[in-house]
Structures are given as C-alpha cells and as structure tokens.
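The exercises below ask you to reason from a set of coordinates to a description of contacts and packing. Please work through each task before reading its solution.

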Amino acid sequence: MKFVLITLTILGMLSCNSSKNMLPDNSDSQMTENPTDTPNQFTYLALGDSYTIGEGVSDAGRYPSQLITKLNSETSKVWDAPKVIARTGWTVDELEQGINRDDIEGNTYDLVTLSIGVNNQYRGLPISKFEEEFEKMLLRAISFARVNSNHVVVLSIPDWGITPFATQSGRDKSKIADEIDAYNRLKAKICEKHDVTYIDITTLYRKEGAKPDMLAADGLHPSAKMYGLWTDKLFEQVQLKNY
C-alpha cells in the first residue's frame, strides 16, 4: 500500500511539472496592449515624405535618427528608435494611406513630428485641398501624441526652388517660392489654431540649402549636414516640452 501511495505521488508531481512546462514562457513577451508604451523609455513617431525618410542619406543621417541620437546623448531621458512613416513623393493623402497600411491606430507616442506638403505643391494640386487634408492630418498626429498638442511639432516646407535640380528642370523659381510661402502660411495658421509648435526651416534652407555640402547627390534633397541643422531646431523645441 505504501508503494502504491509513493507511486501515485510521483506520478502526480510529474503531471504537475508537465502541465507547467506546457504553459507559454512570457518572460520575453509584451504584456501591454500598446507596444509603444515602454516603461522609462520615450517614443517618437515621424510622419512625412522624402525629407523625413531622408532620401539620399543613410538612416543615421536623416533628422528623426539624428534627433534621437542627440536626445539620448545630451539629456537624461532615454528615447527608443524613431518610428518613421514616410516615403519619397508622398502627398498628404498618400501619407494618410501609408499610416493606415502601417496599422498603428491605437498606438501612442511621446513625440510626433509632421513634415508634409511639398509634393502637393510640386504636383500643382489645389491649395484648398491641402488646407483641408493638412488639418485632418494634424489632428491625427495629435491623437497619436495622446491628444497632447504640446507634444506635436510641424516643420515648414523647404524651398526646393533654390536647388540645382530646380535650375536644371527649368521651373520658375519665384513661382515655387511664392507657392511654398502660401503653403507654409496655411500650415502655420492651422498649427496656431490647434496649439501645435511650428518650426520655420524654410528661411534657413533658402540661405544654406544650395551649398554643395548641404545637398544630397541628387542635387535636390538635403544632406545629413542640412538635416543636422533641422535637428538642432527640433531638439531646442523638444527641450521645452514637459517630459
């Protein structure tokens, strides 16, 4: 009888251990519904077009990456690698489609930047259409920032008319400048309406952007050095935020 009891006890222990080993190992799994809410680590979403993706420069050279590097090296806060949703040639509505494809609805971020509009101007699309779409996009950016407009930053559209590409294309540079100014006035007005920080990089770009070391190889897009100047402006604004 004693032998039977010992045997049953051992079998019971083996059964319990076997059941335990069949449970999933959660030691490396995310236990939050929002993967962007990492404890003690700040998150950044960069939305835009070729200027955001850094056409013609390395990943480390584009301004979202430079900004995170600067924040991690010059502040006490720890920032995760940026989440970038951007593509060369995107207009506002194409950025909207890109966000939808990326399926980030419901995710939130500590910082959201938005740089969009140059391709609307380049393609000659109605500025009234841009005004409507940009405001809708800005509100979506605010929603990704936990509905905190103070944690959203919008960059103005650079004047690509100063570049060698524009010269070679034969486009009217003064017309480009006038249209970009009109787009930027709209962006600034809409940002003010929603209490969002608006950064003017256009003035700096018109002064420095045509210099050889400020250009990527295509003669149109900025170099990493120019993105570094944008990064400095962004860094200054992020430092003013309440993180």
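**Exercise 1: Charged pairs**

Lys211 is partly exposed, with a relative accessible area of 38%. The model is a predicted one, and the task is to find the partner of Lys211 in a salt bridge and to classify that partner by its accessibility.

Solution. Begin with the charged atoms: the side chains of Lys211 and Glu208 meet in a salt bridge, with 2.5 Å from N to O, and this lies within the 4 Å cut-off for such a pair. Then turn to the accessibility of the partner: Glu208 has a relative accessibility of 14% and therefore counts as buried, because buried means under 20%. The pair thus joins a buried Glu208 to a partly exposed Lys211.

**Exercise 2: A pair across the chain**

Determine which elements hold Lys225 and Asp213, and how many residues apart they are.

Solution. The closest N and O atoms of Lys225 and Asp213 are 2.6 Å apart, and the two residues form a salt bridge. This pair links distant parts of the chain, since Lys225 belongs to helix 10 (residues 224-240) while Asp213 sits in the loop between helix 9 (202-208) and helix 10, twelve residues apart. As for accessibility, Lys225 is partly exposed at 48%, and Asp213 is partly exposed at 37%.

**Exercise 3: From a pair to a network**

Describe the salt bridge between Lys70 and Glu74, and name the residue that joins them in a network.

Solution. The closest N and O atoms of Lys70 and Glu74 are 3.1 Å apart. Both residues lie in helix 3 (residues 63-74), where a spacing of four residues corresponds to about one turn of the helix. Glu74 is partly exposed, its relative accessible area being 47%. The further residue is Asp232, which is linked with Lys70 and Glu74 in a network of salt bridges. In total, the structure holds 16 salt bridges.

**Exercise 4: Two helices in contact**

Are helix 3 and helix 10 parallel, perpendicular or oblique to each other, and which residues make the contact?

Solution. Consider the geometry before the residues: the axes of helix 3 and helix 10 come within 9 Å and cross at roughly 50°, and the two helices are therefore oblique to each other. The crossing of helix 3 past helix 10 is right-handed. On the side of helix 3 the contact is made by Tyr63, Gln66, Leu67, Lys70, Leu71 and Glu74, whereas helix 10 contributes residues including Trp230, Thr231 and Asp232. To examine one residue of this contact, take Thr231, which is buried with a relative accessible area of 2%; leaving out residues up to four places away in sequence, Thr231 touches Tyr63, Gln66, Leu67 and Lys70.

**Exercise 5: The nonpolar core**

Identify the helix that supplies the largest share of the largest nonpolar core, and list the contacts of Phe134 beyond its neighbours in sequence.

Solution. The largest nonpolar core has 58 residues, and those touching the most other members are Leu47, Leu95, Val112, Leu114, Phe134, Leu138 and Trp230. The largest share of this core comes from helix 6 (residues 127-144), which supplies seven residues. Once neighbours within four places in sequence are set aside, Phe134 is in contact with Val92, Leu114, Ile116, Val154, Lys187, Ile190 and Cys191.

Technical notes:
Residues are numbered from 1 along each chain as its sequence is written. This is a predicted model: local features need pLDDT of at least 70, side-chain atom pairs count only at pLDDT 80 or more; totals for chains, interfaces and linings use all residues. Side-chain values use heavy atoms; hydrogens and water are left out. Buried means under 20% relative accessible area, exposed over 50%, partly exposed in between (1.4 Å probe, protein chains only). A nonpolar core is a set of buried Ala, Val, Leu, Ile, Met, Phe, Trp, Tyr and Cys residues joined through side-chain atoms within 4.5 Å. Contact means heavy atoms within 4.5 Å. Axes are lines fitted to C-alpha atoms, for helices over the stretch in contact, and angles run from 0 to 180 degrees between N-to-C directions. Angles under 35 degrees count as roughly parallel, over 145 as roughly antiparallel, 65 to 115 as roughly perpendicular and the rest as oblique. A crossing is left-handed if the near helix is turned anticlockwise from the far one by less than a right angle, and right-handed if clockwise.
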